[in-house]
Amino acid sequence: RMGVEFVIRSALTEAREYQKKWDEYNEQKMKRGFRGAPPEYDDRLETLAEILRGNIIVHCHSYRADEIVMIMKVCRDFGIKKLVLQHANEGFKVAPEIAAFGAMASVFSDAWAYKFEVYYSTAYNAAILTRNGVLTSINSDDPGVIRHLYHEASKTLKYGGLSRDEAL
């Protein structure tokens with residue numbers, strides 16, 4: 001975990017420099033008589049540059065509140081506004097911060113305590129996020145559960161008192 005922020009920041013910094021080279025090249029090539037060569041194209045950096053341009057939504061796999069706050073800080077520092085937090089088991093702990101950022105969350109209905117990273121989650125997570133103004137959806141990466149997402153969503157009625165419309 002300690003190196004994750006560094007790796008993300010390094011990649012985005014490299015993408016920003018890549019994007020700047022391309023922007024400068026594209027500006028120069030519009031000038032009459034320009035004969036310069038384009039910068040080297042890089043699929044990885046081009047994808048990251050598209051994130052920086054706001055053309056790609058970041059889907060960040062996260063569990064813990066500290067991870068969520070970290071990725072929002074990194075995104076804020078790089079001007080990235082489109083962020084969906086996947087799983088976000090401890091999103092309820094930082095729901096006002098998620099709402100203020102404008103991030104969305106895609107969470108489990110009631111899966112927790114099956115490994116250390118999700119030990120401190122709660123079945124009230126989706127409802128707390130929703131009540132704080134976070135656009136929230138219920139997800140699953142289990143093929144058996146994913147077939148029953150209506151049942152999973154209905155748990156937010158019991159755990160958090162969401163209305164049927166909010167649950168759907």
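**Notebook: aromatic pairs and the nonpolar core**

I counted 5 aromatic pairs in the structure, taking rings of Phe, Tyr and Trp (its six-membered ring) as paired if their centres lie within 6.5 Å. The model is predicted, so local features need pLDDT of at least 70 and side-chain atom pairs count only at pLDDT 80 or more, while totals for chains, interfaces and linings use all residues. Residues are numbered from 1 along each chain as its sequence is written, and side-chain values use heavy atoms, with hydrogens and water left out.

I looked up Trp-22 and Tyr-25. Their ring centres are 5.7 Å apart and their planes stand at 85°, so I entered the pair as edge-to-face (planes over 60 degrees apart; under 30 is stacked, the rest tilted). Both residues belong to helix H1, 3 residues apart, about one turn of the helix; helices here are DSSP runs of H or I with at least four residues, and strands are runs of E with at least two, numbered from the N terminus.

I then checked burial (buried is under 20% relative accessible area, exposed over 50%, partly exposed in between, with a 1.4 Å probe and protein chains only). Trp-22 is buried at 17%, and Tyr-25 is buried at 16%. Ring pairs join both to Tyr-18 and Phe-34 in a cluster.

I turned to the largest nonpolar core (buried Ala, Val, Leu, Ile, Met, Phe, Trp, Tyr and Cys residues joined through side-chain atoms within 4.5 Å). This core has 37 residues, and Ile-80, Leu-83, Leu-85 and Ile-98 have the most contacts inside it. Helix H3 gives the largest share, 7 residues.
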